[in-house]
Amino acid sequence: MLKLNLCPNGHTLCLTCKTRVQNRCPTCRQELGDIRCLALEKVAESLELPCKFSSLGCPGIFLYYSKLKHESLCNFRPYNCPYAGSDCSVMGDIPFLVDHLRDDHKVDMHTGCTFNHRYVKSNPREVENATWMLTVFHCFGQYFCLHFEAFQL
């Protein structure tokens, strides 16, 4: 729940910000008490806000509390490139990363729910022969990254 505190001069601050400013109003420098502004809390709770990933394509508009939950699960939230071993710094949403993996990293792309993959190592005892492989599958309307790694224990 969003809690808003008032200073003696009526300036409003949320609980998180109150802690950051060492319990002093950043406007008038008065000490902040524990007086809550219930009317403003109700207004804040009823605001409808766009998802913070709207610039990446999310069309959602949410009430304050459902917005925070949505953003933690939003399909448009950016991800780091999952291509291991390359220190790739590319970030983007899932459709962008799928194109990036296919075009820039030449990752194997598969559509469907079944696969038959056979991976043969010439000599699994050689450390310099350790390797990994990334494959992307599209099935059930979702993308899955399958990461195989071979290394010496």
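**Exercise 1.** Find what share of the 153 residues of the protein chain count as buried.

*Solution.* In this predicted model, 24% of the 153 residues of the protein chain count as buried. Turning to the surface, the accessible area of the protein chain comes to about 10,800 Å², and 55% of that area belongs to carbon and sulfur atoms.

**Exercise 2.** Work out how many helices and strands the protein chain has, and in which pattern they follow along the sequence.

*Solution.* Counting the elements gives four helices and ten strands. Reading along the sequence then gives the pattern β-β-α-β-α-β-β-α-β-β-α-β-β-β. As for confidence, the mean pLDDT among these elements is lowest in strand β10 (residues 142-150), at 77, and highest in strand β5 (residues 61-63), at 94.

**Exercise 3.** Determine which strands stand at the edges of the sheet formed by β1, β2 and β3.

*Solution.* Begin with the order of the open sheet, which is β2-β1-β3 with antiparallel pairing. Because β2 (12-14) and β3 (35-36) each have a single partner strand, they stand at the edges, and one side of each is left without a neighbour in the sheet. Next, look at how β1 (residues 4-6) is joined to β3: two bridges connect these antiparallel strands, and Asn5 has Arg36 in β3 as its bridge partner.

**Exercise 4.** Decide whether Val43 is buried, partly exposed or exposed, and name the surface patch to which Val43 belongs.

*Solution.* First, locate Val43 in helix α2 (residues 38-46). Since buried means under 20% relative accessible area and exposed means over 50%, the value of 46% makes Val43 partly exposed. Finally, Val43 forms a nonpolar surface patch with Leu40 and Leu47, and together they have about 230 Å² of accessible area.

Notes
Residues are numbered from 1 along each chain as its sequence is written. This is a predicted model: local features need pLDDT of at least 70, side-chain atom pairs count only at pLDDT 80 or more; totals for chains, interfaces and linings use all residues. Side-chain values use heavy atoms; hydrogens and water are left out. pLDDT is the predictor's confidence in each residue, from 0 to 100. Patches are made of residues with over 30% relative accessible area and no salt bridge: like charges are joined within 9 Å, nonpolar side chains (Val, Leu, Ile, Met, Phe, Trp, Tyr) within 5 Å. Accessible areas come from the Shrake-Rupley method with a 1.4 Å probe; for residues, only the protein chains shown count as cover. A salt bridge is a side-chain nitrogen of Lys or Arg within 4 Å of a carboxyl oxygen of Asp or Glu. Buried means under 20% relative accessible area, exposed over 50%, partly exposed in between (1.4 Å probe, protein chains only). Two strands pair if DSSP finds at least two bridges between them.
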